[in-house]
Every structure is written in structure tokens, then in C-alpha cells.
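These are my notebook entries on a single model. I set down what I looked up, one topic at a time.

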Amino acid sequence: MLTARAHTRSFGEYSTNQLRALEREHCGTGRCRRCGFVYTPAVRVCPTSRRIAIELESRFKAPMSEVHAGQGLCSGKGQVWTVSGNKSAPWRQAVAVCAQCPLLASCTTELDRRLASGEKICDQILAGRLFSGKGDEIAPEMFDAYADRCGAKTKRRKPKPKPRPTRRAATKRTAPASPPAQDVPASPADGQLALFKGAVA
């Protein structure tokens with residue numbers, strides 16, 4: 001059963017539809033009807049429901065929301081702001097979320113400070129700005145071109161499959177014919193014996 005394995009499997013292994021179905025079970029009045037978590041005035045959802053919401057947000061399948069006061073919309077979902085793969089759509093979505101974050105101004109100030117100190121930011125989206133694997137900033141209008149370059153690198157790194165050896169049809173093997181026996185030359189002793197016999201006769 002789906003809910004029976006909820007705490008033993010990573011939520012990343014579930015499909016979005018499965019997560020939405022599981023989320024509907026982890027709700028209720030006063031307490032979660034699935035896991036029995038008792039709600040308080042400060043906590044209105046159970047821990048499992050919060051984890052499901054974070055996973056859905058990381059897939060951009062649910063609105064981004066602050067997990068704790070004073071933290072950005074990327075809090076707990078940092079993998080979304082890591083530049084990986086060769087698709088530009090997730091990068092654009094992460095940049096769009098940054099634009100709505102209440103901490104964008106302070107994040108921009110901190111990013112500028114790090115860059116001014118000589119720090120290199122690689123494969124990250126920070127303060128709505130994307131940095132490549134080499135630390136170069138990629139403008140939004142160049143996201144698609146950069147994604148294409150990442151895809152080309154991935155194809156070059158992909159090892160070529162080794163050719164499989166062809167099987168030869170089995171043939172009935174016969175032992176090779178032994179070479180004909182060769183005449184062994186008589187030894188000198190044999191010749192002397194013949195002479196001796198002739199002398200006696």
C-alpha cells in the first residue's frame with residue numbers, strides 16, 4: 001500500500017500524482033487522520049504533509065512558501081537552485097521564484113559581497129542569477145543556448161557501447177590425422193652386427 005511505505009521510501013521516488021494522493025490522506029481536524037499527529041495552534045499540518053509539500057514545491061508542482069519566518073523560498077529546496085541537466089525550464093522557474101522572494105534584496109547584497117571578494121559561484125542560481133560550471137554568469141536570454149551546450153557535453157561524455165563479439169557457428173571438430181610414420185635410420189651398431197654375422201657365415 002502506498003501510505004504503508006511512506007516513511008521507508010524517499011518522496012523523490014513517488015510520482016507527482018502519488019504524492020498528491022498521499023497528501024490528501026495526511027490531513028484532518030484536530031489530528032492527522034493518517035499518522036495521528038495532533039495539531040497545535042502553531043502547527044496545522046503533520047510532518048509528513050510538510051515533507052510532501054516541500055517535495056512538490058521542489059518540482060514546481062505547488063506554490064513556493066516560506067518554511068520558516070526569515071528564510072527564503074529556497075529554504076529546504078536547495079537542489080532546485082543547483083544547475084544540472086540540460087533543460088532550461090527548471091532554471092527559469094527557479095529564477096522566477098527568486099524574483100518573488102521577500103529576501104531577494106538581502107540575498108543580492110550577500111551575492112555581490114561574495115563576488116567582490118573573489119569567490120567563484122559555480123552551477124548555482126543565487127538571487128535570481130545563474131552561474132555556469134566555470135563560474136560565468138549566464139543571462140536569462142542565453143539559458144537555452146547554455147542548456148544546449150550542456151546537452152552536447154553530456155553526449156560527448158557518454159561512452160560508446162563496445163561491439164559485441166560475433167558468435168561463430170559451432171562446427172564438428174575432428175582430431176587431425178597423425179603424420180605418417182617415418183623410417184628410423186639404422187644405428188651404427190646395427191650395421192656392425194650385420195657385418196659380424198656375415199663374417200661368421
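**Entry 1. A side-chain pair in a loop**

Which side chain does the side chain of Ser75 join in a polar contact? I found Gln71 as the partner, at 2.5 Å. I then located Ser75 itself, which sits in the loop between helix 2 (47–58) and helix 3 (89–100). Its relative accessible area is 19%. I entered Ser75 as buried, because the limit for that class is under 20%.

**Entry 2. Confidence**

I noted that this is a predicted model, and I looked up its confidence before going further. The protein chain has a mean pLDDT of 78, and 70% of its residues reach 70 or more. Over residues 1–6 the pLDDT stays under 50. For that stretch the model has 11 contacts beyond four places in sequence. I do not interpret these contacts, because predicted coordinates should not be read in detail where pLDDT is low.

**Entry 3. Glu57**

Is Glu57 buried or exposed? I looked up its relative accessibility and found 5%, so Glu57 counts as buried. The residue belongs to helix 2. Setting aside residues up to four places away in sequence, I listed what Glu57 touches: Ala62, Pro63, Met64, Ser65 and Lys77.

**Entry 4. Nonpolar cores**

I next looked for the nonpolar cores. The largest one has 19 residues. Within this core, the residues with the most contacts are Trp81, Trp91, Ile125, Leu130 and Tyr146. Two elements give two or more residues to the core, namely helix 3 and helix 5 (143–157). Helix 3 gives the most, with five residues. A second core, separate from this one, has six residues, among them Tyr14, Leu22, Ile52 and Leu56. As background I recorded that nonpolar side chains tend to be buried together in soluble globular proteins.

I followed Leu130 in more detail. Beyond four places in sequence, Leu130 touches Val83, Trp91, Gln124, Ile125, Asp136, Glu137, Ile138, Phe143 and Tyr146. Of these, Trp91, Ile125 and Tyr146 are also named with Leu130 among the residues with the most contacts inside the largest core.

**Entry 5. Salt bridges**

How many salt bridges does the structure hold? I found six, and I examined several of them individually.

The side chains of Asp144 and Arg92 meet in a salt bridge with an N to O distance of 3.5 Å. Asp144 lies in helix 5 and Arg92 in helix 3, so the pair ties together parts that are 52 residues apart in sequence. Both ends are partly exposed: Asp144 has 41% relative accessibility, and Arg92 has a relative accessible area of 34%.

Arg113 and Glu110 form another salt bridge, at 2.6 Å from N to O. The two residues are three apart in helix 4, so about one helical turn separates them. The general geometry fits this entry: an α-helix has 3.6 residues a turn, so residues three or four places apart point the same way. I entered Arg113 as partly exposed at 47% and Glu110 as partly exposed at 36%.

Glu137 forms a salt bridge with Arg129, and the closest N and O atoms are 3.1 Å apart. Glu137 is partly exposed, with a relative accessible area of 45%. Arg129, at 22%, also counts as partly exposed. Which residues do salt bridges with shared partners join into one network? I found Asp112, Arg129 and Glu137.

**Entry 6. Helix 4 and the residue after it**

I returned to helix 4 for its length. The helix covers residues 104–116, which makes 13 residues. From its first C-alpha to its last it reaches 18 Å, close to the 18 Å expected at 1.5 Å a residue. Just after helix 4, I found that Gly118 takes a positive phi of about 95 degrees.

**Entry 7. Gly133**

Where is Gly133 found? I placed Gly133 in the loop between strand 2 (129–131) and strand 3 (137–138). Its relative accessible area is 39%, and I recorded Gly133 as partly exposed. Leaving aside neighbours within four places in sequence, Gly133 is in contact with Cys122, Asp123 and Tyr146. Tyr146 also appears in the list of what Leu130 touches. I also looked up the separation between Gly133 and Cys150, which are 17 residues apart along the chain. Their C-alpha atoms are separated by 9.7 Å.

How values were computed
Residues are numbered from 1 along each chain as its sequence is written. This is a predicted model: local features need pLDDT of at least 70, side-chain atom pairs count only at pLDDT 80 or more; totals for chains, interfaces and linings use all residues. Side-chain values use heavy atoms; hydrogens and water are left out. Helices (H or I, at least four residues) and strands (E, at least two) are DSSP runs, numbered from the N terminus. The expected span of a helix is 1.5 Å times one less than its number of residues. Buried means under 20% relative accessible area, exposed over 50%, partly exposed in between (1.4 Å probe, protein chains only). A polar contact is a pair of N or O atoms within 3.5 Å; within protein, one must be able to donate a hydrogen and the other to accept it, and residues adjacent in sequence count only if both atoms are side-chain atoms. Contact means heavy atoms within 4.5 Å. pLDDT is the predictor's confidence in each residue, from 0 to 100. A nonpolar core is a set of buried Ala, Val, Leu, Ile, Met, Phe, Trp, Tyr and Cys residues joined through side-chain atoms within 4.5 Å. A salt bridge is a side-chain nitrogen of Lys or Arg within 4 Å of a carboxyl oxygen of Asp or Glu.
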